[in-house]
Amino acid sequence: MKKLFVFIAVLTLALMAFGQSIYNVLVNPSQNSYNVGTPVQIQWNFSGIPSNEKVIITLWREGGTQNICDIARDILISNRSYSWTIPETCTNPHTGQEENLLQGRIKIRVRWTNWGAKV
């Protein structure tokens, strides 16, 4: 009986962890490439996360191991979108150096601040 209880408890925790997510992160208007100065809207859906929680939006170089720019912090997840104008450069939060956004492919990530998992 004790093993069954432990199994059910572990299964419940695992389902809770995987049931809480941010998904379908989109940039609107959807294009293959964007010009500096273009206004866009970053949109996302979420499930299993309280609507009063917050997200952080960051930029990553394709294949990179850490973000190169912070776009926004403490945005309510229930907003489901954030309006942003694409800059030519931004300041890397890890190095303090300016990052040129005109080189290479850039990815946008929306992450739940209380979870810590990258989406």
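# Exercises on a predicted strand-rich model

A polar contact of 2.5 Å links the side chains of asparagine 67 and histidine 94; a polar contact is a pair of N or O atoms within 3.5 Å, where, within protein, one must be able to donate a hydrogen and the other to accept it, and residues adjacent in sequence count only if both atoms are side-chain atoms. The model is predicted, so to speak of local features takes pLDDT of at least 70 and side-chain atom pairs count only at pLDDT 80 or more, while totals for chains, interfaces and linings use all residues. Residues are numbered from 1 along each chain as its sequence is written, and side-chain values use heavy atoms, with hydrogens and water left out.

## Exercise 1: Asparagine 67

Find where asparagine 67 sits, and state whether it is buried or exposed.

Step 1. Asparagine 67 belongs to the loop between strand E3 (54-61) and E4. Helices (H or I, at least four residues) and strands (E, at least two) are DSSP runs, numbered from the N terminus.

Step 2. Its relative accessibility is 11%, so asparagine 67 counts as buried. The scale is this: buried means under 20% relative accessible area, exposed over 50%, and partly exposed in between (1.4 Å probe, protein chains only).

Step 3. Besides the contact with histidine 94, the side chain of asparagine 67 has a polar contact of 2.8 Å with that of aspartate 70.

## Exercise 2: The overall layout

Work out the order of helix and strands along the sequence.

Step 1. Count the elements: there are one helix and eight strands.

Step 2. Read them in order, and the pattern is α-β-β-β-β-β-β-β-β.

Step 3. For the protein as a whole, buried residues make up 24% of the 119 residues.

## Exercise 3: The disulfide

Identify the cysteines that form a disulfide, and say which elements they tie together.

Step 1. Apply the rule that a disulfide is a pair of cysteine sulfur atoms within 2.5 Å. The count comes to one disulfide.

Step 2. The partners are cysteine 69 and cysteine 90, with their sulfur atoms 1.4 Å apart. Cysteine 69 is in strand E4 (residues 69-76) and cysteine 90 in strand E6 (residues 89-91), so the pair ties together parts that are 21 residues apart in sequence.

Step 3. Check the surroundings of each partner. Cysteine 69 counts as buried at 1% relative accessibility, and cysteine 90 counts as buried at 13%.

## Exercise 4: Strand E2 and its partners

Describe the two faces of strand E2, then trace its pairing.

Step 1. Strand E2 (residues 39-47) has a covered face made of Val40, Ile42, Trp44 and Phe46. Its uncovered face holds Pro39, Gln41, Gln43, Asn45 and Ser47.

Step 2. Two strands pair if DSSP finds at least two bridges between them. E1 and E2 pair in the antiparallel sense over six bridges, and phenylalanine 46 in E2 stands opposite isoleucine 22.

Step 3. E2 also runs antiparallel to strand E5 (residues 81-85), joined to it by five bridges. Here proline 39 stands opposite threonine 85 in E5.

Step 4. Return to isoleucine 22: its C-alpha atom is separated by 8.9 Å from that of isoleucine 77, 55 residues apart along the chain. Isoleucine 77 lies in the loop between E4 and E5 and counts as buried at 0% relative accessibility.

## Exercise 5: Backbone exceptions

Locate a cis peptide bond and two non-glycine residues with positive phi.

Step 1. Start from the general expectation: most residues other than glycine have a negative phi, and most peptide bonds are trans.

Step 2. The cis bond joins asparagine 28 and proline 29, with omega about 10°. Proline 29 is in the loop between E1 and E2.

Step 3. Aspartate 74 has a positive phi of about 60°. This residue, aspartate 74, is in strand E4 and is exposed, with a relative accessible area of 52%.

Step 4. Arginine 80 also has a positive phi of about 60°. Arginine 80 is in the loop between E4 and E5 and is partly exposed, at 38% relative accessible area.
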